[in-house]
Amino acid sequence: MKPGLPKLIATDLDGTLVRSDNTVSAYTHEVLDRVRAAGIRIVAATGRGPRLTSLTRNDIRVADFLVLAQGGWVLDLEDSRYLRQARLPGPALGRVLGALESVAGPLSVMFEALEHDESPLWGDYDPTWRFPVTVEDRPRAECLDAEVIKAFARSFELGVDELLAMAHRVVPPALATVTQAGLDYVEICPPSVDKGTGLSVVAESIGVDPSDVLVFGDMPNDLPMFAWAGWGRVAVANAHPSLLAVADDVTLTNDEDGVAHYLDRLLSR
């Protein structure tokens, strides 16, 4: 740990702050209240899209900002306004899917296009999806007529890390950003959209330097914010090997309230 305290703390939610049973402990809420009382800004940095804003606000009640949709949508909660709303044009997404299927074979694809609370996804319902969701059955061509917030793609044959490695080989960064957040899907987002660029929007809006930011995460989609933040980068013990490899520190697992224990120690020094 560095001396002093960071000015801003950003944490991933699912797999990091949120436990495997999809709850956040009373202890975690209490520690976050104390962090906020110490004058430290709090940001939720999540893959969840704006359709899950109410759920996200409930999981991290003292957040000042929500960095949603892997960084593409940034919500200032104090002013109730978006600082960033990125969308990917359908034709660009079509090119991404074409490139990916040319090397990986057929993919199951779901599209996230709508931002109001509890909006449905579009496409093919996938039985491997772990969370409650409504999927509106629509042919892919129709989905690609719209601009989307992001898309989820799963291979029937390949593991998600293998599919992600292929995507990084065949999808130019200028066309789209491809990542994975632990759901067995790669997520296809607009170019230059990741948690690092999303957090930079927050930091610029409040005048905080990346060197004063502490971040927590668990999956490859957290790598960009680990590369961006300079005060500290902490992985939970259940994190993906790629994140453990670049973390400054490792705390307890999400099910052991690792983020809260780390912050409790930080505040009580």
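Two strands count as paired if DSSP finds at least two bridges between them. The model used here is predicted.

**Exercise 1.** Decide what joins strand S7 to S8, and in which direction they run.

*Solution.*
- Start with the bridges: 3 of them join S7 (residues 121-123) to S8.
- Apply the cut-off: at least two bridges are needed for a pair.
- Read the direction: S7 and S8 run parallel.
- Pick out a residue: Trp122 stands opposite Glu136 in S8.

**Exercise 2.** Place the strands in their sheet and find which strands form the edges.

*Solution.*
- Write down the order: S8-S7-S6-S9-S11-S10, an open sheet of 6 strands.
- Note the pairing, which is mixed.
- Look for strands that pair on one side only: these are S8 (135-137) and S10 (177-180), the edge strands.
- Add the twist: neighbouring strands are turned by 30° against each other on average, direction ignored.

**Exercise 3.** Work out which strands helices H3 and H5 meet.

*Solution.*
- Take H3 (residues 90-104): this helix packs on the sheet and touches S6 (107-112), S9 (150-155) and S11 (186-189).
- Give its direction: about 160° with that of S6.
- Turn to H5 (residues 160-170), which lies across S6, S9, S10 and S11.
- Helix H5 runs at about 165° to S10.

**Exercise 4.** Judge how compact the protein chain is for its length.

*Solution.*
- Count the elements: 9 helices and 14 strands.
- Compare radii: the radius of gyration is 18 Å, close to the 18 Å from the globule rule for 269 residues, so the chain is as compact as a globular protein of that length.
- Check burial: buried residues make up 55% of the 269.

Terms used
Residues are numbered from 1 along each chain as its sequence is written. This is a predicted model: local features need pLDDT of at least 70, side-chain atom pairs count only at pLDDT 80 or more; totals for chains, interfaces and linings use all residues. Side-chain values use heavy atoms; hydrogens and water are left out. Helices (H or I, at least four residues) and strands (E, at least two) are DSSP runs, numbered from the N terminus. Axes are lines fitted to C-alpha atoms, for helices over the stretch in contact, and angles run from 0 to 180 degrees between N-to-C directions. Contact means heavy atoms within 4.5 Å. The radius of gyration is taken over C-alpha atoms; the globule rule is 2.2 Å times the number of residues to the power 0.38. Buried means under 20% relative accessible area, exposed over 50%, partly exposed in between (1.4 Å probe, protein chains only).
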